[in-house]
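This report looks at how some helices pack against one another and at a few residues inside the fold. Please have the sequence and the structure at hand while reading.

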Amino acid sequence: MRGVLEQLPHMSGQIVDGTRHEKVLSYMRLFLASDAAVEQLMSWNALRTLAECLQPQSDMRVTATAVRFLGDAFRARNGKVLWTAVHTTQIVEWVVDNADSSHALVRVAWLHFMCQASYINDHAYVELLDRVDYPRLLLRRLLDSSYFVVASACMLLGRLFHVNTIDPNLSALIEQLVARPFALQTSARKAAVLATAETLLLLKNKDVQEFVHRVFAQPVLEPYLYDVDRLVRDRALDVLELVVLDVDAMGVRELVAALARRVDGCVVLRCLAAVVKQLPWNRCIEGGEARRLGLMIANMGVSLLLSIHPATQVAKAAQQSPSASSMIACEAARIVREHSQTTFSAHTASSMCLLLSNPRVQQHTQLVQLVLSTLLQTLRLAHNRTHVQMVPRLICTFAIRAPGLRGVFDLALELLGSCNAEFVQGLEHAIRTRIVDVEWEARDTVLEFVTRAVRELAWPCVELLVTQQVVDDAVRALSDAEEYVRASAAYLLAAVVERGDEERARYVSEHKHLTQSDLARLVADSEAFVKRAALDLVHALGTRGVGMWIECLTYRTLYDLADDPDFEVRVRCARILALLTQTSPVNTSELQSTSLLLEMCRDSSRYVRAECLRSLRELKQNTPDVDMTSEPEPKRVYVGERTDLWKLRNVDLAQLEASLSAEHLYQEALDTQVARELMREKSDANAGNNILDCY
């Protein structure tokens, strides 16, 4: 760390990659986690080194890195000692002189420095604030052209209000910021107003909350919600969500009425969605009243959605502008979705189910997703079995594509453990219907769901789901034209073999379409992820001791797998080699599995070496000691394998384990040697000669 710190002032200005400075800063921040960090910095005279980074000729990125690190150091243990020492150096003068730096990066670093120093908040900090005329300075930073500067200014503003509650200078600043008529405000000023409001509303202080609600009353906020700039509208919606938390029931009704009078359809609906979203957490309205208000607004959205039916006048009029109709429908669906997060409504459930069967709705993918997510969330809160039976019907709805199907299966997985046999049988029928979908994503999603169910739930819960017909479909999917489907089918069969009962495992292993040649073809697939799944299936069959799993393996196959470019394939290969060595000594000698496993102990991937280490430990526990001076014992150790077993038992496991530990991303590079030239460019700028280029 000391070497990195001392070389920081010498980082070259020719470095183009700005992330290099962030890497150095992240490494330096790790050092601050130690209890004695500040004492060590003082003993190294770190303030003098950091002051060298603040010279006029210094690269601004180096300057910003030093200032941010110094600010973070104030938060470390005994950071006040460092803060006191700073006032004996020229660093304070630099802070005063560079409060209005022309470089955005330095302005961000300056605000970070002051924000971190606010945790000390002594007389010296107050004096420093006064010297830079902080109210006017903060106003300039809030109006800054850089988003990052504005965000940092908001953090400092929040800290100052947290420390001083209602600071009259800052209160006057905010009132001045809001006072300008909306029509005369620039986009930067609108962003500053909304950022300030959001920052203060997030503070958990009653006095500050009252001040904000007085300054940012509804008439003040309303024009921002309808601004022509989408970014301003979105920011205003965030503020509205926070405002709703502290509005009483009468205020909410007045707000809804005011919004209903507007003609800006999409904007009004977004505002209503924001209101519904925050009502359950409103601090001024009791739970029952909040639910009634939310239901009232949600029913408005449901009514608007039901008006999409082709027979209605609204739908006929919308044919003139289908895109506008779709946008309004999506916003209405968002209102209902927000309400369904916390409250169950049978009317909402039946209405959403009806909408999914509407051909006009099915034409818009986004609307289908919104309606479906609303229905799924509603069903999660349902306790009536009648509503739960909608899930299999949803799976059979082909208008619901793979992304929506995943959400339906997530809900089905939650229900599987507690539902009756009728639900499980309906689910099995729906799975068999969608597993032959013409879209491969849907077939893949179905197989993934069954695999998750088998692995995450107890076998009695899924026994009726994984029928022989489902296994037949999975075996057929091993020959699917799409490689992702082949991989998912192999994972499913491996899960059934591992976790299923003896009858189901044997049915898989003895399936007439899962022969030795079928397994060999799958293991030799051209796609790495299919090989991984195939090897998992082979390992499952071998562990369970069923099927002709060894016959699909040859020495050439194992050799190719051990040399595969994909390290996860090699990990699985090592696992199978260990299994061969343990369970089949005769075949081990023919396939030379022990020799290959020894070779893989020197693999370039530490994950492969870790699997070898685990396997070797098991082998040492499960194989007999081999005396090389005695005659071999044919019943226990075969001649062809005797030497390799002896080598296995003599592998230095401690040395192998030491090669597995992962170093910090930059620590090895920065701790090894930090000569001055390693932190700067050489003759050719950015030619890859820097110590951090490899990270």
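## Helices α11 and α12

Helix α11 passes α12 in a left-handed crossing. The model is a predicted one. Helix α11 covers residues 147–164 and helix α12 covers residues 168–179; their axes cross at roughly 135° and come within 10 Å. Angles over 145 degrees count as roughly antiparallel, and 65 to 115 as roughly perpendicular. The angle fits neither class, so α11 is oblique to α12.

On the α11 side, the contact is made by Leu157, Leu160 and Phe161, which meet Leu170, Ser171 and Ile174 of α12. By class, five of the residues in this contact are nonpolar and one is polar, with no charged residue.

## Helices α10 and α12

Helix α12 also packs against helix α10, which is made of residues 134–142. The angle between α10 and α12 is about 35°, and the axes are 9 Å apart. This crossing is right-handed.

Which residues of α10 meet α12? They are Tyr134, Pro135, Leu138, Leu139 and Leu142. Their partners in α12 are Asn169, Leu170, Leu173, Gln176 and Leu177. The contact of α10 with α12 holds eight nonpolar and two polar residues, and no charged ones. Leu170 of α12 thus has a place in the contact with α10 and in the contact with α11.

## Helices α35 and α37

Further along the chain, helix α35 (residues 528–544) packs with helix α37 (residues 567–583). Their axes lie 9 Å apart, at an angle of about 15°. Angles under 35 degrees count as roughly parallel, so α35 is roughly parallel to α37. The crossing of α35 and α37 is left-handed.

Among the α35 residues in this contact are Lys531, Arg532, Leu535, Asp536 and Val538. The α37 side includes Glu568, Val569, Arg572, Ile576 and Leu579. How many residues of each class does the contact of α35 with α37 have? There are seven nonpolar, three polar and six charged residues.

## The largest nonpolar core

The largest nonpolar core has 225 residues, and within it Leu416 and Phe449 touch the most other members. Helix α32 (residues 483–499) gives the most to this core, namely ten residues.

Apart from neighbours within four places in sequence, Phe449 is in contact with Phe409, Ala412, Leu413, Leu416, Leu427, Ile431 and Leu465. Leu416, named above for its many core contacts, is therefore one of the residues that Phe449 touches.

## Two buried residues

Is valine 391 buried or exposed? Its relative accessibility is 1%, so valine 391 counts as buried. Valine 391 is part of helix α26, residues 390–395. Setting aside residues up to four places away in sequence, valine 391 touches Leu379, Val408, Leu411, Ala412, Leu415 and Phe423. Ala412 is also listed among the contacts of Phe449. Valine 391 and leucine 376 are 15 residues apart along the chain, and their C-alpha atoms are separated by 8.6 Å.

Histidine 339 belongs to helix α21, which spans residues 322–340. Histidine 339 has 4% relative accessibility and so counts as buried, since the cut-off for buried is under 20%. Not counting residues up to four places away in sequence, histidine 339 touches Val276, Arg291, Gly294, Leu295 and Ala298.

Notes:
Residues are numbered from 1 along each chain as its sequence is written. This is a predicted model: local features need pLDDT of at least 70, side-chain atom pairs count only at pLDDT 80 or more; totals for chains, interfaces and linings use all residues. Side-chain values use heavy atoms; hydrogens and water are left out. Axes are lines fitted to C-alpha atoms, for helices over the stretch in contact, and angles run from 0 to 180 degrees between N-to-C directions. Helices (H or I, at least four residues) and strands (E, at least two) are DSSP runs, numbered from the N terminus. A crossing is left-handed if the near helix is turned anticlockwise from the far one by less than a right angle, and right-handed if clockwise. Contact means heavy atoms within 4.5 Å. Ala, Val, Leu, Ile, Met, Phe, Trp, Tyr, Cys and Pro count as nonpolar, Asp, Glu, Lys and Arg as charged, and the others, Gly among them, as polar. A nonpolar core is a set of buried Ala, Val, Leu, Ile, Met, Phe, Trp, Tyr and Cys residues joined through side-chain atoms within 4.5 Å. Buried means under 20% relative accessible area, exposed over 50%, partly exposed in between (1.4 Å probe, protein chains only).
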